[in-house]
2 protein chains.
Amino acid sequence: MATMHDVARLARVSVSTVSYVLTGTRPISQATRDKVLAAMAELDYQPNAMARGLASRRSRIVGLLMPMDERGLGATETAFVTGAAAAASAAGYHLVLSPVGVGDLDDLRRLASQRMLDGAVLMEVQVEDGRVAALQEAGVPLVLIGRTGDTTGLAYVDIDFEQTVRQAVEHLVGLGHRRIVYVNHSAATIAAGYGPAVRTRDAFVAAMSGHGLEPVMIPAEDSAAGGRAALTAALDQAPDLTAVLAMNENAIFGILGELAVRGLAVPHDVSVVSMVTSPQVAELATPALTAMTSPGSALGRMAVEALLRRLEDGGDDDHQRLLPCALEIRGSTGPAPRPTAAAGGGDTVPTRSGPPGT
Amino acid sequence: MATMHDVARLARVSVSTVSYVLTGTRPISQATRDKVLAAMAELDYQPNAMARGLASRRSRIVGLLMPMDERGLGATETAFVTGAAAAASAAGYHLVLSPVGVGDLDDLRRLASQRMLDGAVLMEVQVEDGRVAALQEAGVPLVLIGRTGDTTGLAYVDIDFEQTVRQAVEHLVGLGHRRIVYVNHSAATIAAGYGPAVRTRDAFVAAMSGHGLEPVMIPAEDSAAGGRAALTAALDQAPDLTAVLAMNENAIFGILGELAVRGLAVPHDVSVVSMVTSPQVAELATPALTAMTSPGSALGRMAVEALLRRLEDGGDDDHQRLLPCALEIRGSTGPAPRPTAAAGGGDTVPTRSGPPGT
DNA sequence: TTGAAAGCGCTAACAA
DNA sequence: TTGTTAGCGCTTTCAA
């Protein structure tokens, strides 16, 4: 393996000249540069990453920190990872994947103190997330995917849940739906302050109220069984429902199954919209799901790009950016059925008509 | 940030003693060790990863190399990643995620020459995979997830497709099925020599022949639409089919949809087995899919562990290990229907009965 | 059982 | 525009 010394000797220049050719931190005459480049090519020279990192105090490595609690990653989280990896790689950085949960603060501090990471992207951020403070104290620049409760001074990218929910509700209202049930994550998850669950809940209340409609919400465990139970509960609470909006990617197939069992056709009797979903998953259902497609890999990419920008510029701009999910209309939504032979009696009267279309 | 010097000074020993306490490469008296450890604790000392890497020529970083061509990772591949990350982290190593496809050989060589990786795990290995040679030439120890055509001298972990297919076929034959169709990946994928597609194809032929049955196989594009088309083709070719075995995780929901459209009930009319699937995906279907559950995260873990073993022991044992998928019986398989009112006329007569049960 | 000191391969003053 | 050289923080010989 050729070193910088070898290159310098072959090119008949000093090591520092070789170094400066590489880093571009000082002007080099064209002639010298050519000599050096030729020598590099001839020796097939590649700078040693560790030596460079030690001398420059910059490893060119960024961390992607994700909790590994549950049953692996969903499609959306996986997209964060691939998007981040691609962005880092494109910028000549390396991305290390570190499974550090909210509980492993000591591990995280240890990791940060090793000075291996120039910066970090935090996934699955909690409303109260000790990892943020731990990294800040260690002086590790960071960008969140998601948001903590207090975001002052923090850089993050996140899904624009407010906008996403509003758009989903508008789609349904535009189709004439009035009785819309929102199936969220589990009560425990909401209570734990999981951002997406909390924000969509609030956004749903706001969106429905804006249309003069009552916001009916049901929590569901993250499983098909949870979805079944949620639909049952939903029909108990709102027998005249004509549309379901579901945040819970795991529950939604249970919802569809339970609808089928009850002889309720999608979208003829009940329209279904899946929130924050990947197209792959939406396509699995029959009919394919109308869904709010999450900008997963874009978020991963943007998080890394924001991080690198602040590493290179030394810039301290708090990059805070929200991306809405995109409404992709497939087969699971349609006009609201005429309110003739609904299951039970409607217990709420819409106070006004929605807009004509979407 | 405290350095080794600080620790040495505080403990009133030399730096080398501190280093030896850390690495354990030479005996240290208990008294000295205690002094050093106390000083480390007091200073909250963490060794600098770059300095250590430069001096020891071992970065404690391993690479997970995955192509990023297609539409992201499936659930199985994601499990590789999380399993590998967990294993690396547990062993005190770091895992860098590098999107290097079979086409990016130059990128790969560059990466390898940077001496940043102590070793690498290769994902989505092709039958002919230039990355293997590139890494070997660069002197980077590697372990494959999957297999190349010629595996002599290579370390790998992979799914035992032969065993997996055999078990799936036996499950169906045990239920009385005789007319079983195998839905594979696309013809192009098979032609490209994608290992799982080729190996399951061969294994299916062998397993069916072993039961004296005709192996009917249909390729399918990796999408719901592909699955629909495949089922149509399958019914053309074998109108009397009673079971479908599907390798293609994306196609299978299309198959289910098309079965429903045609009024064929699962499992009453047609049994369906999904191969190399994650439980999460299997649970999404209604009824939940009987599936061969892939040992995804175990494979990722084993690959990293095998790699680290060979890094630490310097051992050159070619770790070659196959793990079968586990049959998980859910609701999509049942006894074969009585061969009374099948769609068309059977064009193959089973030559003997299968075993009684499974 | 311990210490002194020579690197590891690079970056970045400092000097010319 | 280029060269000299002192580190970066650690590992590991060599010597005691």
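1. The count between chain A and chain B is seven residue pairs in polar contact, both residues at pLDDT 80 or more. A polar contact here is a pair of N or O atoms within 3.5 Å; within protein, one must be able to donate a hydrogen and the other to accept it, and residues adjacent in sequence count only if both atoms are side-chain atoms. The rule finds zero salt bridges across this interface, a salt bridge being a side-chain nitrogen of Lys or Arg within 4 Å of a carboxyl oxygen of Asp or Glu.

2. On the basis of the note: this is a predicted model, in which local features need pLDDT of at least 70, side-chain atom pairs count only at pLDDT 80 or more, and totals for chains, interfaces and linings use all residues. Residues are numbered from 1 along each chain as its sequence is written, chains are lettered from A and ligands numbered from 1 in the order in which they are written, and side-chain values use heavy atoms, with hydrogens and water left out.

3. The size of an interface is often given as the accessible area lost when the parts come together. Chain A and chain B bury about 4000 Å² between them, and 71% of that is on carbon and sulfur atoms. Buried area is the accessible area (1.4 Å probe) that two parts lose on being put together, summed over both. Each chain brings 41 residues to the contact, where contact means heavy atoms within 4.5 Å.

4. Which elements of chain A supply at least two residues each of the side that touches chain B? They are α4, α5 (75-90), β2 (94-98), α6 (105-113), α11 (224-237), α12 (252-261) and α13 (279-284). The largest share, six residues, comes from α5(A). Helices (H or I, at least four residues) and strands (E, at least two) are DSSP runs, numbered from the N terminus. By class, this side of chain A has 22 nonpolar, 14 polar and five charged residues. Ala, Val, Leu, Ile, Met, Phe, Trp, Tyr, Cys and Pro count as nonpolar, Asp, Glu, Lys and Arg as charged, and the others, Gly among them, as polar.

5. A turn of 180 degrees and a shift of 0.0 Å along the axis lay chain A on chain B with an RMSD of 0.1 Å. That is the relation of a two-fold axis. In chain A, the C-alpha nearest the axis belongs to A:Val96, 2.0 Å away from it. The copies are superposed by least squares on the C-alpha atoms of residues with pLDDT of at least 70 in both. The copies meet through the same surface, because 100% of the interface residues of chain A are also interface residues in chain B.

6. DNA strand C has 26 residues around it, of which A:Met4, A:Tyr45, B:Thr17, B:Thr32 and B:Arg57 come nearest. A residue is near a strand if one of its heavy atoms lies within 4 Å of it. Of the atoms of DNA strand C that come within 4 Å of the protein, sugar and phosphate account for 55%. A backbone N or O atom of A:Met4 is 2.4 Å from a phosphate oxygen of this strand, and a polar side-chain atom of A:Ser19 is 2.7 Å from a phosphate oxygen. On the base side, a backbone N or O atom of A:Ala51 lies 3.5 Å from a base nitrogen. In both chains, α2 (15-23) and α4 (49-56) each supply at least two residues of the surface near DNA strand C. That surface divides into eleven nonpolar, eleven polar and four charged residues.

7. What lies around DNA strand D? There are 28 residues, and A:Arg26, A:Thr32, B:Met4, B:Tyr20 and B:Tyr45 come nearest. Sugar and phosphate make up 52% of the atoms of DNA strand D that come within 4 Å of the protein. Polar side-chain atoms of A:Thr17 and B:Ser19 each lie 2.7 Å from a phosphate oxygen of DNA strand D. For B:Tyr45, a side-chain N or O atom is 2.5 Å from a phosphate oxygen of DNA strand D. The surface near DNA strand D has twelve nonpolar, eleven polar and five charged residues.

8. Some backbone details in chain A deserve a look. A cis peptide bond joins A:Val266 and A:Pro267, with omega about 5 degrees; A:Pro267 sits in the loop between α12 and β9 (271-277). Another cis peptide bond joins A:Thr286 and A:Pro287, with omega about 0 degrees, and A:Pro287 is in the loop between α13 and β10 (290-293). A:Arg12, in the loop between α1 (4-11) and α2, has a positive phi near 60 degrees.
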